[in-house]
Amino acid sequence: MSENEMMPAVGFFEGLPLENPDSFLDVKKAIPKVSGRDLLVKVQAVSVNPVDTKLRQVTPKSDSLRVLGFDAVGEVVALGSEVCNFSLGDRVFYAGTPTRPGSNQAFQLVDERIVAKAPQRLTIEEAASLPLTALTAYELLFDKFNILPEKDAAKGKSILVINGAGGVGSILNQLANWVGLDVYATASPKNFDWLTKVGVSHPLDYHQDLQVQLAESGTVAFDYIAVLFDITKYFDRIKTLVKPFGHVGTIVGINEPLDLSQWKNKSVSFDWEYMFAKTDFGYELESQGAALARIAALADAGIVMPTVSHIYDTGINGKNLKLATKDVESGHMLGKVVVSGEFNG
(Lines give C-alpha, C1' and ligand atoms only; values in the text may rest on other atoms or scores of the structure.)
Protein backbone atom coordinates (compact mmCIF):
# COMPACT_ATOMS: atom_id res chain seq x y z
CA MET A 1 0.00 0.00 0.00
CA SER A 2 1.31 3.39 -0.94
CA GLU A 3 1.92 6.26 1.48
CA ASN A 4 -1.28 8.09 2.47
CA GLU A 5 -3.47 5.69 0.49
CA MET A 6 -7.18 6.21 1.20
CA MET A 7 -9.89 3.66 1.95
CA PRO A 8 -13.69 3.66 2.12
CA ALA A 9 -15.35 3.74 5.54
CA VAL A 10 -18.78 4.27 7.07
CA GLY A 11 -19.08 6.66 10.00
CA PHE A 12 -20.75 9.78 11.36
CA PHE A 13 -20.02 13.07 13.11
CA GLU A 14 -23.00 12.97 15.46
CA GLY A 15 -25.30 10.29 16.83
CA LEU A 16 -28.50 10.81 14.84
CA PRO A 17 -31.76 8.90 14.30
CA LEU A 18 -31.66 6.44 11.42
CA GLU A 19 -34.11 8.57 9.45
CA ASN A 20 -31.51 11.34 9.25
CA PRO A 21 -29.45 11.09 6.04
CA ASP A 22 -26.28 11.88 8.02
CA SER A 23 -26.73 8.99 10.47
CA PHE A 24 -24.41 6.83 8.30
CA LEU A 25 -21.99 8.48 5.91
CA ASP A 26 -19.87 6.86 3.20
CA VAL A 27 -16.49 8.57 3.45
CA LYS A 28 -12.81 8.16 2.63
CA LYS A 29 -10.06 8.07 5.26
CA ALA A 30 -6.38 7.19 5.36
CA ILE A 31 -5.41 3.54 5.72
CA PRO A 32 -3.82 3.23 9.18
CA LYS A 33 -0.16 2.24 9.53
CA VAL A 34 0.61 -0.99 11.33
CA SER A 35 3.07 -1.28 14.24
CA GLY A 36 3.72 -3.22 17.42
CA ARG A 37 1.34 -6.13 17.99
CA ASP A 38 -1.29 -4.82 15.59
CA LEU A 39 -2.66 -6.64 12.58
CA LEU A 40 -3.99 -4.71 9.60
CA VAL A 41 -7.10 -6.58 8.50
CA LYS A 42 -8.97 -6.20 5.22
CA VAL A 43 -12.54 -6.39 6.48
CA GLN A 44 -14.85 -8.77 4.58
CA ALA A 45 -17.94 -9.02 6.81
CA VAL A 46 -19.30 -7.30 9.91
CA SER A 47 -22.19 -7.96 12.27
CA VAL A 48 -24.28 -5.22 13.86
CA ASN A 49 -24.90 -5.45 17.61
CA PRO A 50 -27.03 -3.49 20.10
CA VAL A 51 -23.83 -1.85 21.38
CA ASP A 52 -23.40 -0.18 17.95
CA THR A 53 -26.80 1.44 18.37
CA LYS A 54 -26.16 2.48 21.97
CA LEU A 55 -22.81 4.07 21.20
CA ARG A 56 -24.12 5.86 18.10
CA GLN A 57 -27.08 7.31 19.96
CA VAL A 58 -24.92 8.89 22.69
CA THR A 59 -22.21 10.28 20.40
CA PRO A 60 -22.17 14.11 20.66
CA LYS A 61 -21.59 16.32 17.64
CA SER A 62 -17.90 16.47 16.74
CA ASP A 63 -15.49 17.47 13.99
CA SER A 64 -13.96 13.99 14.21
CA LEU A 65 -15.40 11.08 12.24
CA ARG A 66 -16.52 8.17 14.40
CA VAL A 67 -16.31 4.69 12.90
CA LEU A 68 -18.06 1.94 14.84
CA GLY A 69 -18.30 -1.78 14.16
CA PHE A 70 -17.14 -4.64 16.35
CA ASP A 71 -17.76 -8.16 15.03
CA ALA A 72 -15.58 -8.66 11.97
CA VAL A 73 -14.03 -11.26 9.70
CA GLY A 74 -11.21 -10.42 7.34
CA GLU A 75 -7.80 -11.17 5.88
CA VAL A 76 -4.52 -10.15 7.51
CA VAL A 77 -2.71 -7.89 5.01
CA ALA A 78 0.06 -6.37 7.17
CA LEU A 79 1.81 -7.23 10.43
CA GLY A 80 3.27 -5.09 13.18
CA SER A 81 6.90 -5.72 14.05
CA GLU A 82 6.00 -7.52 17.31
CA VAL A 83 3.27 -9.82 15.93
CA CYS A 84 4.03 -13.46 16.70
CA ASN A 85 0.78 -15.44 16.25
CA PHE A 86 -0.43 -14.62 12.73
CA SER A 87 0.78 -14.56 9.13
CA LEU A 88 -0.15 -12.61 6.01
CA GLY A 89 -3.24 -14.10 4.41
CA ASP A 90 -4.73 -15.53 7.61
CA ARG A 91 -8.52 -15.26 7.82
CA VAL A 92 -9.31 -13.95 11.30
CA PHE A 93 -12.27 -12.91 13.41
CA TYR A 94 -12.62 -10.67 16.45
CA ALA A 95 -14.90 -8.32 18.39
CA GLY A 96 -12.60 -5.31 18.56
CA THR A 97 -12.82 -2.55 21.14
CA PRO A 98 -14.67 0.78 21.59
CA THR A 99 -11.32 2.46 22.29
CA ARG A 100 -10.21 2.32 18.61
CA PRO A 101 -11.85 2.88 15.20
CA GLY A 102 -14.13 -0.04 14.40
CA SER A 103 -14.70 -2.54 11.63
CA ASN A 104 -16.96 -0.36 9.47
CA GLN A 105 -13.93 0.52 7.34
CA ALA A 106 -12.09 -1.35 4.63
CA PHE A 107 -8.87 -1.83 6.64
CA GLN A 108 -8.76 -2.01 10.43
CA LEU A 109 -5.98 -2.17 13.01
CA VAL A 110 -6.59 -4.72 15.76
CA ASP A 111 -4.34 -6.05 18.53
CA GLU A 112 -3.42 -9.66 17.77
CA ARG A 113 -4.11 -10.64 21.39
CA ILE A 114 -7.88 -10.27 20.92
CA VAL A 115 -7.94 -12.05 17.55
CA ALA A 116 -8.20 -15.70 16.47
CA LYS A 117 -8.19 -17.54 13.18
CA ALA A 118 -11.75 -17.77 11.92
CA PRO A 119 -13.59 -21.11 11.94
CA GLN A 120 -12.70 -23.00 8.76
CA ARG A 121 -16.10 -24.62 8.27
CA LEU A 122 -18.09 -21.39 8.41
CA THR A 123 -18.74 -18.78 5.76
CA ILE A 124 -17.42 -15.29 6.41
CA GLU A 125 -20.96 -14.20 7.28
CA GLU A 126 -21.44 -17.04 9.76
CA ALA A 127 -18.07 -16.35 11.37
CA ALA A 128 -18.83 -12.62 11.62
CA SER A 129 -21.93 -13.36 13.68
CA LEU A 130 -19.98 -14.99 16.50
CA PRO A 131 -17.27 -12.94 18.26
CA LEU A 132 -19.08 -10.41 20.44
CA THR A 133 -21.97 -12.62 21.56
CA ALA A 134 -19.77 -15.71 21.91
CA LEU A 135 -17.17 -13.87 23.99
CA THR A 136 -19.88 -12.41 26.22
CA ALA A 137 -21.42 -15.84 26.80
CA TYR A 138 -18.02 -17.49 27.22
CA GLU A 139 -16.78 -14.96 29.79
CA LEU A 140 -20.01 -15.09 31.79
CA LEU A 141 -20.03 -18.88 32.01
CA PHE A 142 -16.33 -19.58 32.38
CA ASP A 143 -14.68 -16.41 33.76
CA LYS A 144 -17.51 -15.33 36.07
CA PHE A 145 -19.47 -18.48 36.92
CA ASN A 146 -16.15 -20.37 37.17
CA ILE A 147 -17.37 -23.33 35.12
CA LEU A 148 -14.57 -25.33 33.52
CA PRO A 149 -14.81 -24.95 29.71
CA GLU A 150 -14.82 -28.68 29.03
CA LYS A 151 -17.49 -31.08 27.84
CA ASP A 152 -19.82 -32.17 30.67
CA ALA A 153 -17.77 -30.25 33.27
CA ALA A 154 -20.98 -29.03 34.96
CA LYS A 155 -23.10 -32.13 34.48
CA GLY A 156 -25.78 -32.46 37.14
CA LYS A 157 -26.19 -28.70 37.57
CA SER A 158 -28.75 -26.32 36.08
CA ILE A 159 -28.98 -22.83 34.63
CA LEU A 160 -31.85 -20.41 34.02
CA VAL A 161 -31.31 -18.04 31.08
CA ILE A 162 -33.55 -14.96 30.91
CA ASN A 163 -33.96 -13.74 27.30
CA GLY A 164 -32.62 -16.98 25.88
CA ALA A 165 -33.41 -16.40 22.20
CA GLY A 166 -31.34 -13.24 21.74
CA GLY A 167 -27.83 -13.00 20.33
CA VAL A 168 -25.94 -13.74 23.55
CA GLY A 169 -28.51 -16.24 24.81
CA SER A 170 -28.40 -18.25 21.60
CA ILE A 171 -24.67 -18.86 22.10
CA LEU A 172 -24.75 -19.16 25.89
CA ASN A 173 -27.38 -21.93 25.67
CA GLN A 174 -25.14 -23.93 23.36
CA LEU A 175 -22.08 -23.55 25.58
CA ALA A 176 -24.14 -24.38 28.68
CA ASN A 177 -25.46 -27.51 27.01
CA TRP A 178 -21.91 -28.51 25.99
CA VAL A 179 -20.65 -28.35 29.58
CA GLY A 180 -23.59 -30.51 30.70
CA LEU A 181 -25.89 -27.98 32.32
CA ASP A 182 -29.63 -28.61 32.30
CA VAL A 183 -30.74 -25.47 30.43
CA TYR A 184 -33.96 -23.56 31.14
CA ALA A 185 -34.55 -20.40 29.11
CA THR A 186 -37.26 -17.79 28.63
CA ALA A 187 -38.53 -16.54 25.27
CA SER A 188 -41.73 -16.00 23.34
CA PRO A 189 -43.46 -19.33 22.48
CA LYS A 190 -42.91 -18.59 18.77
CA ASN A 191 -39.18 -18.99 19.47
CA PHE A 192 -39.39 -22.26 21.41
CA ASP A 193 -38.24 -24.30 18.40
CA TRP A 194 -35.19 -22.03 18.17
CA LEU A 195 -34.47 -22.52 21.88
CA THR A 196 -34.56 -26.28 21.43
CA LYS A 197 -32.22 -25.99 18.45
CA VAL A 198 -29.63 -24.10 20.52
CA GLY A 199 -29.57 -26.52 23.44
CA VAL A 200 -32.46 -25.55 25.73
CA SER A 201 -34.21 -28.51 27.37
CA HIS A 202 -36.91 -26.46 29.10
CA PRO A 203 -38.34 -23.46 27.17
CA LEU A 204 -40.29 -21.02 29.34
CA ASP A 205 -42.85 -18.45 28.17
CA TYR A 206 -41.67 -15.02 29.33
CA HIS A 207 -45.28 -13.76 29.10
CA GLN A 208 -46.41 -16.19 31.81
CA ASP A 209 -45.63 -16.48 35.52
CA LEU A 210 -42.10 -17.88 35.86
CA GLN A 211 -42.57 -19.50 39.28
CA VAL A 212 -45.74 -21.29 38.16
CA GLN A 213 -44.03 -22.72 35.08
CA LEU A 214 -41.04 -23.86 37.11
CA ALA A 215 -43.25 -25.43 39.77
CA GLU A 216 -44.99 -27.43 37.07
CA SER A 217 -41.60 -28.73 35.92
CA GLY A 218 -40.61 -29.62 39.50
CA THR A 219 -37.76 -27.12 39.59
CA VAL A 220 -37.10 -25.24 42.84
CA ALA A 221 -33.78 -23.44 42.29
CA PHE A 222 -30.77 -23.12 39.99
CA ASP A 223 -27.02 -23.27 40.36
CA TYR A 224 -26.67 -20.44 37.83
CA ILE A 225 -28.97 -17.69 36.57
CA ALA A 226 -27.97 -15.58 33.55
CA VAL A 227 -30.12 -12.48 33.09
CA LEU A 228 -29.53 -11.20 29.55
CA PHE A 229 -31.94 -8.30 30.01
CA ASP A 230 -32.57 -5.49 32.50
CA ILE A 231 -32.31 -7.46 35.74
CA THR A 232 -34.43 -4.96 37.68
CA LYS A 233 -37.47 -6.20 35.77
CA TYR A 234 -36.82 -9.79 36.87
CA PHE A 235 -35.19 -9.39 40.26
CA ASP A 236 -38.29 -10.09 42.36
CA ARG A 237 -38.98 -13.21 40.31
CA ILE A 238 -35.48 -14.66 40.48
CA LYS A 239 -34.30 -13.66 43.96
CA THR A 240 -35.49 -16.93 45.51
CA LEU A 241 -34.53 -19.14 42.56
CA VAL A 242 -30.77 -19.36 43.12
CA LYS A 243 -29.24 -22.14 45.20
CA PRO A 244 -26.82 -21.55 48.09
CA PHE A 245 -23.33 -20.74 46.70
CA GLY A 246 -24.94 -20.18 43.31
CA HIS A 247 -24.21 -17.47 40.78
CA VAL A 248 -26.39 -14.75 39.24
CA GLY A 249 -24.98 -12.75 36.34
CA THR A 250 -26.16 -10.04 33.99
CA ILE A 251 -24.86 -8.17 30.94
CA VAL A 252 -27.19 -5.15 30.89
CA GLY A 253 -26.51 -1.95 32.80
CA ILE A 254 -29.09 -0.65 35.26
CA ASN A 255 -30.10 2.78 36.58
CA GLU A 256 -31.50 1.80 39.95
CA PRO A 257 -30.01 -0.04 42.93
CA LEU A 258 -30.46 -3.76 43.64
CA ASP A 259 -30.86 -5.07 47.17
CA LEU A 260 -28.46 -8.01 47.17
CA SER A 261 -28.46 -8.35 50.96
CA GLN A 262 -30.98 -11.18 50.91
CA TRP A 263 -28.44 -13.36 49.11
CA LYS A 264 -25.78 -12.84 51.79
CA ASN A 265 -26.74 -15.83 53.93
CA LYS A 266 -26.88 -18.06 50.85
CA SER A 267 -23.36 -16.96 49.82
CA VAL A 268 -24.63 -16.17 46.34
CA SER A 269 -22.23 -14.45 43.93
CA PHE A 270 -23.46 -11.61 41.72
CA ASP A 271 -21.51 -11.13 38.49
CA TRP A 272 -21.35 -8.36 35.91
CA GLU A 273 -20.18 -9.27 32.42
CA TYR A 274 -19.01 -6.60 29.98
CA MET A 275 -17.02 -8.01 27.10
CA PHE A 276 -15.10 -4.79 26.47
CA ALA A 277 -13.83 -4.48 30.05
CA LYS A 278 -10.64 -6.32 29.11
CA THR A 279 -9.76 -4.01 26.22
CA ASP A 280 -10.97 -0.90 28.08
CA PHE A 281 -8.47 -1.60 30.87
CA GLY A 282 -5.79 -3.66 29.13
CA TYR A 283 -6.66 -6.66 31.31
CA GLU A 284 -5.59 -10.17 30.22
CA LEU A 285 -6.02 -9.37 26.53
CA GLU A 286 -4.63 -12.75 25.48
CA SER A 287 -7.56 -14.46 27.17
CA GLN A 288 -9.95 -13.07 24.56
CA GLY A 289 -7.89 -14.37 21.67
CA ALA A 290 -7.67 -17.75 23.42
CA ALA A 291 -11.42 -17.81 24.02
CA LEU A 292 -12.12 -17.01 20.36
CA ALA A 293 -9.75 -19.79 19.30
CA ARG A 294 -11.72 -22.20 21.51
CA ILE A 295 -14.99 -20.94 20.05
CA ALA A 296 -13.63 -21.42 16.52
CA ALA A 297 -12.69 -25.01 17.37
CA LEU A 298 -16.17 -25.65 18.80
CA ALA A 299 -17.75 -24.17 15.66
CA ASP A 300 -15.59 -26.34 13.42
CA ALA A 301 -16.60 -29.38 15.49
CA GLY A 302 -20.30 -28.53 15.05
CA ILE A 303 -20.78 -27.93 18.79
CA VAL A 304 -21.43 -24.18 18.43
CA MET A 305 -23.52 -23.13 15.47
CA PRO A 306 -23.65 -19.56 14.15
CA THR A 307 -26.83 -17.59 14.67
CA VAL A 308 -27.16 -15.58 11.46
CA SER A 309 -30.74 -14.60 10.71
CA HIS A 310 -30.25 -12.04 7.93
CA ILE A 311 -27.43 -11.08 5.56
CA TYR A 312 -26.98 -7.94 3.48
CA ASP A 313 -24.38 -9.20 1.01
CA THR A 314 -24.31 -6.48 -1.64
CA GLY A 315 -21.45 -4.60 -0.02
CA ILE A 316 -20.50 -2.83 3.20
CA ASN A 317 -21.80 0.71 2.89
CA GLY A 318 -23.93 3.25 4.68
CA LYS A 319 -27.17 2.01 3.12
CA ASN A 320 -26.71 -1.62 4.15
CA LEU A 321 -25.39 -0.76 7.60
CA LYS A 322 -28.42 1.45 8.13
CA LEU A 323 -30.74 -1.40 7.11
CA ALA A 324 -28.94 -3.82 9.42
CA THR A 325 -29.05 -1.31 12.28
CA LYS A 326 -32.78 -0.83 11.73
CA ASP A 327 -33.22 -4.59 12.15
CA VAL A 328 -31.33 -4.46 15.45
CA GLU A 329 -33.18 -1.39 16.69
CA SER A 330 -36.51 -3.11 16.06
CA GLY A 331 -35.81 -5.16 19.20
CA HIS A 332 -37.24 -8.31 17.64
CA MET A 333 -34.14 -9.87 16.10
CA LEU A 334 -33.74 -13.62 16.39
CA GLY A 335 -30.01 -14.24 16.03
CA LYS A 336 -27.65 -11.86 14.23
CA VAL A 337 -27.66 -9.61 11.16
CA VAL A 338 -24.53 -9.45 9.01
CA VAL A 339 -23.29 -7.11 6.25
CA SER A 340 -20.70 -8.47 3.84
CA GLY A 341 -18.86 -7.80 0.58
CA GLU A 342 -16.59 -5.06 -0.69
CA PHE A 343 -16.78 -1.56 0.75
CA ASN A 344 -18.69 0.19 -2.02
CA GLY A 345 -20.32 3.29 -0.63
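The expected span of a helix is 1.5 Å times one less than its number of residues. The exercises below apply this and related ideas to a predicted model.

**Exercise 1. Work out what span helix 4 (residues 167–178) should have, and compare it with the distance between its end C-alpha atoms.**

Solution. Helix 4 holds twelve residues, and at 1.5 Å a residue these should span 16 Å. The end C-alpha atoms are 18 Å apart, which agrees with the expectation. As for its surroundings, helix 4 is mostly covered, since eleven of its twelve residues are buried; among them are V168, I171, L172, L175 and W178. Just after the helix, G180 takes a positive phi of about 95°.

**Exercise 2. Repeat the span calculation for helix 9 (residues 285–300), and state what covers its buried residues.**

Solution. The 16 residues of helix 9 should span 22 Å at 1.5 Å a residue, and the end C-alpha atoms, 23 Å apart, agree with that. The buried residues of helix 9 include L285, Q288, A291, L292, I295 and L298. The elements that cover the buried residues of helix 9 include strand 5 (91–94), strand 6 (107–111), strand 7 (115–117), helix 3, helix 4 and helix 8 (277–281). After helix 9 comes G302, whose phi is positive, near 80°.

**Exercise 3. Describe how helix 1 (residues 50–57) and helix 10 (residues 318–329) are arranged, and place T53 in their contact.**

Solution. Two packed helices are described by the angle between their axes and the distance between the axes. Here the axes come within 9 Å and cross at roughly 100°. An angle of 65 to 115 degrees counts as roughly perpendicular, and helix 1 and helix 10 are therefore roughly perpendicular to each other. In the contact, P50, T53, R56 and Q57 of helix 1 meet T325, V328 and E329 of helix 10. By character, the residues of this contact divide into two nonpolar, three polar and two charged. T53 lies in helix 1 and, leaving aside neighbours within four places in sequence, is in contact with T325, V328 and E329. Because its relative accessible area is 8%, and buried means under 20%, T53 is buried.

**Exercise 4. Identify which residues touch the most other members of the largest nonpolar core, and follow the contacts of I147.**

Solution. The largest nonpolar core has 90 residues, of which Y94, L141, I147, I159, L175 and L181 touch the most other members. Helix 3 (residues 131–144) supplies the largest share of this core, eight residues. Not counting residues up to four places away in sequence, I147 touches L141, F142, A154, V179, L181 and Y224. Another core, of 18 residues, lies apart from the largest one and has L214, I225, I231 and V242 among its members.

Conventions: Residues numbered from 1 in each chain as written. Predicted model: local features only at pLDDT ≥ 70, side-chain atom pairs only at ≥ 80, totals over all residues. Heavy atoms only, no water. Helix = DSSP H or I, 4+ residues; strand = E, 2+ residues; numbered from the N terminus. Buried < 20%, exposed > 50% of the residue type's maximum accessible area, 1.4 Å probe, protein only. Axes fitted to C-alpha atoms, helices over the stretch in contact; angles between N-to-C directions. Parallel < 35°, antiparallel > 145°, perpendicular 65-115°, else oblique. Contact = heavy atoms within 4.5 Å. Nonpolar A, V, L, I, M, F, W, Y, C, P; charged D, E, K, R; others polar. Core = buried A, V, L, I, M, F, W, Y, C linked by side-chain atoms within 4.5 Å.
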